[in-house]
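Here is a set of short questions about how labels are earned in a structure. Each answer sets a value against a cut-off.

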Amino acid sequence: MNIHIIGGGNLGTSVAIGIAKFSSKHHVTLTRRNADKIKHLEALSITVSANNTHRIQEADIIILTVKPYQVELILSEILPVINNKIIASAVSGLSIEMLQDKIGAANQAIRIMPNVAAQFGASATCVSYLEQHTEQGQKMVSLFKDLGTAPVIDEKLMDAATVLAASGTAFALRYIRASMQAGIEIGFDWQTALEISAQTVKGAAQMLLEEQTHPEQLIDRVTTPKGCTIAGLNDMERHGFSASLISGIKTSLRQIQE
Ligand SMILES: NC(=O)c1ccc[n+]([C@@H]2O[C@H](COP(=O)([O-])OP(=O)(O)OC[C@H]3O[C@@H](n4cnc5c(N)ncnc54)[C@H](OP(=O)(O)O)[C@@H]3O)[C@@H](O)[C@H]2O)c1
């Protein structure tokens, strides 16, 4: 497929690189006004352009990764020259209904919520689509499964998906930073502390994803009765570890919905 991504910033670039590296059967075009900033991506066989309509007629899928206030202008440029295209939007707050209304019945609106780990084939990309666009929605699922996981969710949960998957990247990085700081305090240099902390989180996540189990079952495997792990865990909980994470996630969701 030809995939045309409009908005070569943080997210658009990550998705473009992810497709080029992990779904290389597809060809990617990536656009932004300052195209010089993404010129280096040509080395990955990504076509780079400052022109949003550059060979857009050949696109099978158009992906929007721009800020909400940039959507109107972009649609006014591309809609006159396209017909019968899947337009997948990662733009936060733009509902399928609103987008479908803007792009007309000739094109199909799909909503996606990837995160910047798409670049490493490790995004959790939530996908929503209308029932009548199941075929097109499933095309997006199959594309994003090459870049990580791609659960289909009820659109009502898209804000929650933004918090859990996109903001969640920052939350997970903050956990790693805290673990690393503790690592320095107990004797490691920062590089070694970072390597151990990041790989440990990756390993824990991999166990969960591969074994499809509940975290407590795996925690049980590493907590010896009277041991150091359960003592540390209980102390963290006394200091509000889970409570503060849950509270932070709910605050992010409130903020996004304001
Ligand atoms: N970052 C994330 O982790 C993440 C995750 C999920 C969803 N999102 C959503 O994805 C969208 C993009 O976020 P972002 O963080 O990637 O923002 P960003 O880094 O600011 O990227 C937006 C890009 O759009 C380009 N752009 C602006 N006007 C344009 C136009 N007329 N034609 C073509 N390109 C244009 C900008 O480049 P120029 O100025 O050079 O044109 C910029 O590089 C937002 O709606 C955000 O809510 C982001």
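Q: Why is K39 called partly exposed in this predicted model?
A: The relative accessible area of K39 is 44%. Partly exposed covers the range between 20% and 50%. K39 falls in that range, so the label fits.

Q: What makes the pair K39 and E42 a salt bridge?
A: The N to O distance between their side chains is 3.0 Å. The cut-off is 4 Å, between a side-chain nitrogen of Lys or Arg and a carboxyl oxygen of Asp or Glu. K39 and E42 are therefore a salt bridge.

Q: Is E42 called buried, exposed or partly exposed, and why?
A: E42 has 37% relative accessibility. Buried needs under 20%, and exposed needs over 50%. E42 meets neither, so E42 is partly exposed.

Q: Why are E58 and R55 given which exposure labels?
A: R55 has 52% relative accessibility. Exposed means over 50%, so R55 counts as exposed. E58 has 41%, so E58 counts as partly exposed.

Q: How do you know that E58 and R55 meet in a salt bridge?
A: Their side chains are 3.0 Å apart, N to O. The limit is 4 Å, so the pair counts.

Q: What makes D235 and R238 a salt bridge?
A: Their N to O distance is 3.5 Å. That is within 4 Å, so this pair counts too. The structure holds eight salt bridges.

Q: How do you know that the ligand has a polar contact with N34?
A: A ligand oxygen lies 2.8 Å from a polar backbone atom of N34. A polar contact needs N or O atoms within 3.5 Å, so this pair passes.

Q: What makes K67 and G9 polar contacts of the ligand?
A: An N or O atom in the K67 side chain is 3.1 Å from a ligand oxygen. For G9, a polar backbone atom is 3.3 Å from a ligand oxygen. Both values are within 3.5 Å, so both count. The protein buries 85% of the 880 Å² that the ligand exposes when taken alone.

How values were computed:
Residues are numbered from 1 along each chain as its sequence is written. This is a predicted model: local features need pLDDT of at least 70, side-chain atom pairs count only at pLDDT 80 or more; totals for chains, interfaces and linings use all residues. Side-chain values use heavy atoms; hydrogens and water are left out. A polar contact is a pair of N or O atoms within 3.5 Å; within protein, one must be able to donate a hydrogen and the other to accept it, and residues adjacent in sequence count only if both atoms are side-chain atoms. Accessible areas come from the Shrake-Rupley method with a 1.4 Å probe; for residues, only the protein chains shown count as cover. Buried means under 20% relative accessible area, exposed over 50%, partly exposed in between (1.4 Å probe, protein chains only).
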